[in-house]
Amino acid sequence: MKDFPGTPGTLTGLVLRILQCLFAAGSITSMTTTSNFFSYTAFCYLIASMGLQVLWSFALAWLDAYALAKKKVIHNPVLVSLFLVGDWVTAILSLAAAASSAGITILFFRDLGSCQSVPDCPKYQLAVALAFMSWVTVEVSSLIMFWILVAG
């Protein structure tokens with residue numbers, strides 16, 4: 001298997017996982033600091049999806065940090081397959097949650113008069129933007145996992 005940036009057990013792989021975790025945690029934080037996010041199902045789904053993303057990314061970040069400390073690159077096909085499936089599942093859930101929350105946010109911003117009727121609209125927008133950024137980093141890591149599996 002090839003050793004290139006983003007593979008498990010490398011510094012870039014660790015940075016990618018930390019960014020996933022930070023963007024998802026930022027999305028959760030921004031959403032939960034609003035006064036009534038629980039009134040909208042899409043926002044509740046976003047928090048649940050980003051919570052799963054934080055757990056998954058944090059666990060893999062620890063694994064990457066351990067592999068870096070032991071100076072090993074993780075290229076076990078079974079583990080890479082597990083990482084790939086986990087990344088795909090969390091990527092699909094994250095994209096669905098971010099897109100549905102973006103729909104609600106666009107409704108507030110465009111259709112209800114530029115967020116004037118909803119006081120927490122900027123926080124909703126920030127949470128959605130961070131969720132999409134988290135999804136992009138998950139998608140990058142899932143493509144790297146797929147490439148490692150195919151190239152191996």
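These legends accompany several close-up views of a predicted model.

**View 1. Helix H2, from end to end.**
Here we follow helix H2, which runs over residues 41–70. How far apart should the ends of its 30 residues be? At 1.5 Å a residue the helix should span 44 Å, and its end C-alpha atoms are indeed 44 Å apart, so the expected and modelled values agree. Just after the helix comes Lys71, and its phi is positive, near 60 degrees.

**View 2. The segments annotated in UniProt.**
An unreviewed UniProt entry carries the annotation "transmembrane region" for residues 40–66, 78–109 and 129–150. Two of these stretches are shown here with their secondary structure. Residues 40–66 are 96% helix and 0% strand, with 39 Å between the end C-alpha atoms. Residues 78–109 are 100% helix, again with 0% strand, and their end C-alpha atoms lie 45 Å apart.

**View 3. Asp87 and its surroundings.**
Take a look at Asp87, a residue of helix H3 (residues 77–111). Is this side chain's residue buried or exposed? Asp87 has a relative accessible area of 0%, so it counts as buried, the cut-off for that class being under 20%. Which residue shares a polar contact with the Asp87 side chain? The partner is Trp56, whose side chain is joined to that of Asp87 by a polar contact of 2.8 Å. Leaving aside residues up to four places away in sequence, Asp87 touches Arg17, Trp56, Leu60, Val138, Ser141, Ser142 and Met145.

**View 4. Leu46 in helix H2.**
This view moves to Leu46, which sits in helix H2. With a relative accessible area of 1%, Leu46 is buried. Which residues does Leu46 touch, once those up to four places away in sequence are set aside? They are Ser27, Met31, Ala97, Ala98, Ser101, Ala127 and Ala131. Gln125 is worth finding here too: 79 residues separate it from Leu46 along the chain, while 12 Å separates their C-alpha atoms.

**View 5. Two cysteines, Cys21 and Cys44.**
For the last view, we turn to cysteines. Cys21 has a relative accessible area of 13%, and because this is under 20% the residue is classed as buried. Cys44, at 31% relative accessibility, counts as partly exposed, since that class lies between 20% and 50%. How many disulfides does the model contain? The count is zero, taking a disulfide as a pair of cysteine sulfur atoms within 2.5 Å.

Terms used:
Residues numbered from 1 in each chain as written. Predicted model: local features only at pLDDT ≥ 70, side-chain atom pairs only at ≥ 80, totals over all residues. Heavy atoms only, no water. Helix = DSSP H or I, 4+ residues; strand = E, 2+ residues; numbered from the N terminus. Expected span 1.5 Å × (residues − 1). UniProt positions renumbered as here; feature names shortened; annotations may be inferred. Buried < 20%, exposed > 50% of the residue type's maximum accessible area, 1.4 Å probe, protein only. Polar contact = N/O pair within 3.5 Å; in protein donor to acceptor, adjacent residues only side chain to side chain. Contact = heavy atoms within 4.5 Å.
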